[in-house]
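Here are my notes from a look through this one. Have the viewer open while you read.

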Number of protein chains: 2
Amino acid sequence: MKKLLTLATAALMAGSAFSQQALWGGTPLVSPQINPDNTVTFRCKAPKAKTVKITGDFLPENEIDIPNYGKYALPGTAELTEGKDGVWEFTTPAPLTSEYYCYNLIIDGQRTIDPANVYINRDVATITNCFIISNEKGDKGDLYRVNDVPHGTVRHMWYNSPSLGMQRRLTVYTPAGYETSGKKYPVFYLLHGSGGDEEAWYVQGRISQILDNLIATGKAQPMIVVMTNGNAYEQAAPGQSPEGFKQPQMVMGGVKEGMKEAAFELSFPDVRKFVEKNFRTINDKKHRAIAGLSMGSFHSEQISKYYAGEYGYVGLFSGAGVGDGRKGDGSSSQSPVYKDFDKQMANLFSPKNRPELYYIAIGKTDFIKKGSDEMRAYMDEHKYPYVYRETEGGHIWRNWRIYFTEFAQKIFK
Amino acid sequence: MKKLLTLATAALMAGSAFSQQALWGGTPLVSPQINPDNTVTFRCKAPKAKTVKITGDFLPENEIDIPNYGKYALPGTAELTEGKDGVWEFTTPAPLTSEYYCYNLIIDGQRTIDPANVYINRDVATITNCFIISNEKGDKGDLYRVNDVPHGTVRHMWYNSPSLGMQRRLTVYTPAGYETSGKKYPVFYLLHGSGGDEEAWYVQGRISQILDNLIATGKAQPMIVVMTNGNAYEQAAPGQSPEGFKQPQMVMGGVKEGMKEAAFELSFPDVRKFVEKNFRTINDKKHRAIAGLSMGSFHSEQISKYYAGEYGYVGLFSGAGVGDGRKGDGSSSQSPVYKDFDKQMANLFSPKNRPELYYIAIGKTDFIKKGSDEMRAYMDEHKYPYVYRETEGGHIWRNWRIYFTEFAQKIFK
């Protein structure tokens with residue numbers, strides 16, 4: 001009889017002192033509990049609390065008024081009811097549809113995470129819990145979850161940007177088999193919104209799950225997806241740069257006061273150069289796509305026309321605008337990227353440079369839908385071809401996952 | 001005057017509805033606030049709360065008694081004091097030393113994250129906030145932070161394990177320049193503890209930051225680090241596998257009831273085969289290391305002796321045990337991996353197979369220190385060479401980062 005048993009048992013306690021505490025002293029509460037009919041029950045033990053609420057993207061939205069922008073929909077809230085032993089509970093009144101959902105609890109006015117749910121994500125400066133409803137019918141939840149299909153690789157890596165004078169972090173998805181196939185692949189540059197970073201599409205966008213699933217079923221071509229950081233003033237996502245653990249900020253257009261206008265767009269060739277040197281890429285227009293959400297849509301619009309003829313597929317998700325750029329003080333931008341909109345668009349849609357696909361998508365209640373409508377009117381007026389997709393809802397990740405899923409199936413074919 | 005200004009301003013609102021809410025309605029509270037003398041102030045606005053406490057690994061530990069194991073140190077707690085406007089505050093009584101720290105708040109008995117701190121990590125089933133104290137003197141905090149040095153790449157990828165009959169996820173660090181150098185590199189297999197997974201060393205262990213910093217200063221050789229999932233019953237970290245978003249569990253030795261004993265150890269050749277096929281590796285004993293913490297230490301001990309002569313550097317962090325393996329019911333294990341301890345150890349330390357380094361490390365108050373001491377006595381008795389490192393504290397990440405840092409500087413030289 002030797003000591004290995006002791007060691008093996010002791011191994012149970014590994015992890016950290018924190019994990020011990022959670023596992024030993026933890027409550028057996030299950031939250032969220034996905035019921036057989038796809039209603040969902042949330043529970044929270046808070047015997048001293050006066051109110052416990054939940055806010056999530058599965059609850060009816062609340063509209064607020066934003067100065068100069070009109071109504072804007074925020075996730076709704078619902079109240080949990082206190083039962084015995086101080087356990088509060090809320091069950092959605094109706095089954096939830098197949099989707100990836102996010103929520104927070106609000107205990108006595110304090111917004112926080114659900115202590116019983118270890119699944120979280122960060123969106124800009126907000127930590128939320130998440131869960132997936134799958135209906136096994138191939139709908140969104142099934143597409144956003146990990147299935148038993150070949151999986152691609154996701155890399156966190158760094159490139160050098162001489163234009164911005166810094167090393168910068170990016171996220172790269174390569175399809176299953178990339179490492180050993182010896183093949184070359186098309187490249188999709190995928191840009192985040194304001195306040196986001198190079199992790200946003202990977203975390204909130206579920207793009208590695210979506211692509212694994214689409215490629216496995218032959219619905220999308222195997223492709224490399226490059227997710228840059230569109231905030232020209234920073235090297236990397238919060239906590240991942242030498243700046244350390246500072247509170248994330250949203251900065252106008254991803255460019256800070258005093259920086260060169262269109263700094264991100266003008267630095268974009270640094271990204272391409274790195275990618276084409278470090279990955280096996282097919283380097284022509286028909287094998288290069290660019291798309292983004294909100295600020296990333298703005299960036300995609302600018303980059304696709306300023307570097308006309310480089311990107312064969314352009315996706316503007318929840319953001320598209322007509323006209324020359326303006327600076328924060330209302331004066332005209334002098335950046336060549338933002339000037340001569342008409343001329344640049346005419347060049348982009350010239351026979352030589354014309355994209356295979358110019359995709360504009362927006363939600364019906366998006367607060368910037370007017371800008372998108374104007375862009376379409378402009379496109380119609382100039383007879384520039386595009387595909388338009390309108391969805392329910394507003395400026396939300398649920399829509400961006402839909403647009404990504406559709407766009408990814410239309411490119412490189 | 002066109003609409004681009006509107007779009008650019010609207011881009012400010014991008015992210016998601018959740019992010020808007022946090023940034024618009026958010027409190028300007030700063031927490032944690034690292035003061036000039038490296039004391040740290042924590043703040044929490046909770047006007048309705050009766051008590052707000054903090055628990056963290058920088059507070060004096062509390063000892064608890066674990067049946068059959070004796071005293072075990074848990075992170076201490078401290079009380080925040082309510083000031084005006086319902087803002088609670090606590091400042092550490094003394095400056096904190098250079099380190100990566102984790103903590104939680106406890107509001108009215110409910111353990112939760114600090115709503116003002118977006119930096120979190122998951123350790124098994126616990127979400128904690130984190131921050132770093134750097135003193136700019138090259139101590140631990142400086143080593144654990146991101147500095148302006150060349151950065152390696154971290155990959156989340158999948159390998160096929162015929163032995164376990166599943167695809168499995170792993171994390172791989174490659175040093176800066178790997179992609180384009182054309183060189184071959186040594187490989188360090190780094191294993192997590194019970195309940196952990198392939199993300200543990202990357203997140204809590206800060207190994208990509210540590211290696212970037214050590215390699216940049218010439219203190220460690222450029223190397224590939226492979227972080228597998230040591231729980232033989234699962235494909236991937238919670239939320240990253242087809243099992244979806246289930247509550248993480250700790251399972252005895254990483255093997256579930258009914259599974260083959262030593263399932264993980266016996267499947268380890270699948271990992272090596274994948275790595276040596278997919279990366280440019282130097283395939284000999286002098287360029288192959290294995291180490292792990294707690295359960296991962298147990299795995300490293302077994303793998304290094306069962307596959308004697310394959311691993312030139314062996315690191316047992318907070319876990320080492322003497323003797324033949326026992327099953328959960330106390331009977332002898334029949335697995336060839338756990339049998340014939342004396343014979344296997346003699347074979348491992350034969351002139352042909354002898355590791356360049358056999359490193360045993362443990363904290364003075366670790367609850368499994370006795371097993372480690374017995375292992376050393378056994379090594380001494382048999383005149384097997386090893387390096388021993390003893391630190392303050394117990395079975396905690398702070399120590400595992402120290403051991404990793406030291407071990408990484410001793411290998412492949």
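The points below cover the basis of the model, its core, a buried acid and some charge pairs.

1. This is a predicted model, with local features needing pLDDT of at least 70, side-chain atom pairs counting only at pLDDT 80 or more, and totals for chains, interfaces and linings using all residues. Residues are numbered from 1 along each chain as its sequence is written, chains are lettered from A and ligands numbered from 1 in the order in which they are written, and side-chain values use heavy atoms, leaving out hydrogens and water.

2. The largest nonpolar core (buried Ala, Val, Leu, Ile, Met, Phe, Trp, Tyr and Cys joined through side-chain atoms within 4.5 Å) has 84 residues, and A:F188 and B:F188 have the most contacts inside it. Buried means under 20% relative accessible area, exposed over 50%, partly exposed in between (1.4 Å probe, protein chains only).

3. Have a look at B:D108: it is buried yet has no salt bridge (side-chain nitrogen of Lys or Arg within 4 Å of a carboxyl oxygen of Asp or Glu), and the nearest side chain of opposite charge, A:K48, is 5.5 Å away. Lys and Arg count as positive, Asp and Glu as negative; His and the chain ends are not counted. The B:D108 side chain does reach the backbone nitrogen of B:K50 at 2.7 Å.

4. Salt bridges total 37 over all chains. One of them joins the side chains of B:R288 and B:E276 at 3.3 Å, N to O. B:R288 counts as buried at 5% relative accessibility, while B:E276 is partly exposed at 23%.

5. In chain A, a network of salt bridges links A:R122, A:R169, A:D197, A:E198 and A:E199.

Definitions and conventions. A polar contact is a pair of N or O atoms within 3.5 Å; within protein, one must be able to donate a hydrogen and the other to accept it, and residues adjacent in sequence count only if both atoms are side-chain atoms.
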